[in-house]
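Here is a friendly note to read alongside the structure. The points below can be followed one by one with the model open beside you.

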Amino acid sequence: MAGDQKQFEALLQTLMSPENDTRTQTEEVYEKIEIPQKITFLVTALRSADNAIEVRTLAAVLLRRLFGNDFSEWWPLLPPELQSGLKTELMKAIQEELTPPVKRKVCDAAAELARNLIDDSNQQSWTDFLKFMFECASSEDPSLKESALHIFSVVPGIFGDQQAQYMDVIKQMLGQSFAVQNAPNVWFEAVKALTAFLTTNEGEAAIVHHFRDLLPGVIQAISESVTQQEDDSILKCLIELAENVPKFLRPQVENVLTFSMKVLSDTNLPDSWRQLGLEAIVSLAESAPGMFRKCGKLIPMLVPQVLAMMVDLEEEEDWAVQDEVDNEDEDSNAVAGESALDRLCCALTGKTMLPHVLANVPKMLQNSDWRYRHAALMAVSASGEGCHAQMEQILGNILDGVLPFLKDPHPRVRYAACNAIGQLSSDFGPNFQKKFHGKIVHELLGVMDDDANPRVQTHGAAALVNFSEECPKAILVEYIDAIMNKLERVLNSKMNELMQKGTKMVLEQMVTTLASVADTAEEKFISYYDRFMPVLKSIVQNADNTNYKLLRGKTIECISLIGLAVGRDKFMQDCSDVMQLLLKTQTDMTDLADDDPQISYMIAAWARMCKILGKDFEQYLPLVMGPVLRAASLKPEVAVLDSEDLPDVENDTDWQFVTLSDQQSFGIKTAGLEEKSTACQMLVCYARELKEGFASYTEEVVNIMVPLLKFFFHDEVRMSAAESLPYLIECAQIRGENYVEEMWKYICPNLLKAIELEPEVTVLPEHMGSLAKCIEILGKGCLNGEMMQQLTQILQKQFDLHFEKQTERQEKRKDEDYDEVTEEQLLEEDDEDVYILTKVSDIIHALYGVYKEDYTPQFEILLPYVVKLVDMNRPWPDRQWGLCIFDDVLEHVGPGSVKYQEFFLQSLLTSICDKQPEVRQAAVYGVGIMAMFGGDAYVHLFPEIIPRLVEVIQAPDSREVENVNPTENAISAVTKICKYHGDKVNLQELLPLWMSWLPVKEDEDEASHIYGYLCDLVETNNPLVLGENNVNLPILVQIISESLHHNVLDKDLEVKNRVLNLARAIMTNQEVMQACASILSEDQKKALETELSKPVQAPQ
């Protein structure tokens, strides 16, 4: 046996070989050793003092990995004496080991074993270890105290279901650790342990509050760690506490902030430490803005310190002429400061932050040192998003302060000025463009002449992109001549430079700027098309060097965007050439890396070509689908790394890491993820645009997309996957019912599961919306009993969550740090929840739409939730969407809905005159539905309802923008009552009044009902509408003309044709024509003339 042990220890030595092949072969041998023997060998190796430290450390690491891998499968099979011996040896090793690195790894192994010995009912079966831990914590030996605390920090849930009983003992253990004299390492471990424990229990306010007494010890320990400057993980604990349990810091929040600001401002500390101090401040602002704002006296001192970080720039002689921009300065103080200012403004809002930014920026702009001017302009850029409301009021002054620096003597200041104008354009568009276009465009065009400083020239063009993207088309075309002349000059000049010197950065940006301007200008770009398309095609043909892959990709993007802008007719002259260029590029792409930018640009370009060509694009699908499907199918590399492996790769920019525990991190290789996302979006485009022309790809695409509903590495991939499904079902319908049925059998369970599991409130509505559309397309019978039950449970869960979150927000309003800014943030959260509620309503709408009354049994399970929504004490969005759901009940259950009247009727009637327009609209729409589908069940209510509708319609502000839709819905409700129950109301009084409310010109759906009824009345020569001796005919023509001017009937060609036929008939009367000429506006005359001159369109 001793010989076997020696062989094993030699094997451990070989496992550390730098030679990959040797190590791989040894790992294979190691893996073949049976687990019981492996445990014995590893424990003996780590306990043998004769072995090298590296061997003993590795033995402990391998033991921990063993515990973390399939533990529940092999542990029960071990003989009890081996289980017991292993536990004993680990505890003895912790007590007796003298080498700190080995002792720490043994603690990790023991902690992992303890974690795995917590059973499914959360009971810790290794109770001796808990006792051992407390004994170590009480020991006079500091190393044993550290060991106990370290184990607790690795497994903060180690006490399992006994945690509540141990709470005071845990607190005592930590408190005694902070009280140990001259033992900073014990303090540090106590900070880590307390941080891990509180973070694990972050949702338990009582626990967080219980441990607040230990906060002074925490601050003392963190301060000591900064003094020692050996281990920054203690300072990182402060960040964790600020992020996860800010309430723990509340009693000492000023001290915490003062300490963090001291770290931030200490220029003797390494930059990374100072940035951690800043991160602690920002994290606290983000997680507890109300609490932070109460320390207002510190903010005037904080903002200058953040700005001072932004000033920390180095002079680079060749900065302005660099053609390749590296990202080495991403860890710089300047970048950290800029990011912090942006986050502070977003967290604390402009009301708190902007006065202090404005107190510093003007004098920085006057500083003779370019770095201060640069920092001040970057501060303007960083403040816009968070200080939006406050900056909007003084935008003119801000712009006047920035513009002169486009001519600053230092290129980096000019660059920062371009950055500020670009950011202001994005943050405050389109109002910014509408107000200040006259000041901005020519200044930016001037910067684009700066050939001596390519980086500045590039950034000027980039700012023009930001300006164009948010600029109204009518404004941009005022400057299009000047912009095109400038772009043409620079493009031609930079093409020559590309051929002579190989420089490409400016050219890449000019191509992007051209694409952006064309995208906004649309058909106004047609007259410039021939000046640019030849040079763009030339770039794609000639920029075939790998150094030019980004230029080539951007040019492909530009060509396709220009094609979309100018339209099919103009683009067809170059379409064949462009398609051949794209196909050649495609052929050359087979050897490209997953993250080559050309792939993403190409995939997006094909989709635009599909939009331009429509059905004619189908012939190219076999050629273009390969790369799209490959990119969409990309499986990213993922890895779970131990703490000892992480330092080797954590600085690799291709990987992102999330900490799982003290010992492990989860990593994902991000290369190719954006390309995957683009490809998924393009597959949506193909399915949507080509319909049955895409049918042959539906099976393959569904098999890609459905699993991506749970691709939690990228939100947009999941959203595209959900969006694609209804379109794919439509595409597949040409292949027959059985094919679609089989496809749906695969889609539906996965889509339902994805809705259950989706963690992001921004993605969940897309999944739910997709399901609603699928149900509407597939119709009755698409959900079997099991699916329907699962869906009902999902909807119940969403209702429960909705009400729970509202209750939580009400509790937050009682918080000691609640203020008006907190209220704004709570309202934003509420908007997110309400959006999910709209999707719940969409699903119920779809179910009632296809199942009609047969959906009633499932609806009755949800009825208590919907009744709760329409309670008059609920927030108005709840009442709005509750009424919308009952509107569906009225429509699809018809007279049978009367059995629910006790639950909704009073709320609906009261809401007709609700002060909130959205609630009014849901209520009055419901009245119209009641009239159409309710039969005689609700007729007795009309005398009570009509005066309320009249009150809504005739209110002085009823036609204001926010009220016009509820008003037109109310007019439609009166229309439906008159049409379907005319014998139950006084038409003699009602119809003249009704005529006086016309025209309606906003709500297309309700316009069909209103103008359809108008046609009914005129076609039957109703005297109340025509008037005595047809005196109302000119007014009728005016009403019709106004509806045509607003295109309100374009969705319903049948009603539109009836209206036009009426107008034709009426206009044969010369007297009426003359009368019309005097009362119709020019817009009305033009609309009527245009529509009457068109051939009659057949309804679809």
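1. A word on terms to begin: helices (H or I, at least four residues) and strands (E, at least two) are DSSP runs, numbered from the N terminus. With that in hand, Pro 759 is easy to place, in the loop between α39 (737–757) and α40 (764–778). Please keep in mind throughout that this is a predicted model.

2. Let us stay with Pro 759 for a moment. Is this proline buried or exposed? Exposed means over 50% relative accessible area, and Pro 759 counts as exposed because its relative accessibility is 54%. Leaving aside neighbours within four places in sequence, Pro 759 is in contact with Phe 712 and Arg 718. As for Trp 370, which is 389 residues away along the chain, its C-alpha atom is separated from that of Pro 759 by 46 Å.

3. Now step back to the whole chain. It has 55 helices and three strands, and its C-alpha atoms fill a box of roughly 115 × 80 × 65 Å along the principal axes. Of the 1100 residues, 55% are buried. If you take the contacts between residues at least 6 apart in sequence, 72% of them join residues at least 24 apart.

4. Helix α20 (333–365) deserves a look. A straight helix of 33 residues would span 48 Å at 1.5 Å a residue, yet the end C-alpha atoms of α20 are only 19 Å apart. Where is the kink in this helix? You will find it centred on Thr 349, with an angle of about 130°.

5. Helix α43 (residues 856–869) makes a useful companion to that point. Its 14 residues should span 20 Å at 1.5 Å a residue, and because the end C-alpha atoms lie 18 Å apart, the span agrees with that expectation. There is still a kink in α43, of about 55° at Leu 862, shortly before the proline Pro 864.

6. Which residues of α43 are buried? They are Thr 856, Phe 859, Leu 862, Leu 863, Tyr 865, Val 866 and Leu 869. As background, an α-helix has 3.6 residues a turn, so residues three or four places apart point the same way. The buried residues of α43 pack against α41, α42, α44 (876–893) and α45 (901–911).

7. One of those partners, helix α41 (residues 785–812), holds His 802. This histidine counts as buried because its relative accessible area is 4%, and buried means under 20%. Not counting residues up to four places away in sequence, His 802 touches Asp 833, Leu 837, Leu 869 and Asp 878. Leu 869 is also among the buried residues of α43.

8. Next, the second largest pocket, with a volume of about 1,100 Å³. Its lining has 36 residues, and those nearest the centre are Lys 247, Ser 287, Ala 288, Pro 289 and Lys 812. Several helices supply at least two lining residues each, including α14 (233–244), α17 (271–287), the kinked α20 (333–365) and α42 (820–851). The largest share, seven residues, comes from α42. By class, the lining divides into twelve nonpolar, twelve polar and twelve charged residues.

9. How many cavities of 30 Å³ or more does the structure hold? There are two. The largest has a volume of about 80 Å³, and its lining includes Lys 1056, Asn 1057, Arg 1064, Glu 1091 and Gln 1097. Helix α53 (residues 1053–1066) gives the most to this lining, with five residues. The lining of the largest cavity has three nonpolar, three polar and four charged residues.

10. The second largest cavity holds about 40 Å³ of space. Val 540, Ile 556, Ile 559, Val 578, Leu 581 and Leu 582 line it. Two elements give two or more residues to this lining, α31 (549–566) and α32 (568–588), and α32 gives the most, with three. What is the make-up of the lining by class? It has six nonpolar, no polar and no charged residues.

Notes
Residues numbered from 1 in each chain as written. Predicted model: local features only at pLDDT ≥ 70, side-chain atom pairs only at ≥ 80, totals over all residues. Heavy atoms only, no water. 1 Å grid on protein atoms, 1.4 Å probe; cavity = no way out; pocket = protein on both sides within 12 Å on 5 of 7 lines; lining within 4 Å. Points joined across faces, edges and corners; volume = space filled by probe spheres on them. Nonpolar A, V, L, I, M, F, W, Y, C, P; charged D, E, K, R; others polar. Expected span 1.5 Å × (residues − 1). Bend = angle between axes of the 7 residues up to and from the residue. Buried < 20%, exposed > 50% of the residue type's maximum accessible area, 1.4 Å probe, protein only. Contact = heavy atoms within 4.5 Å.
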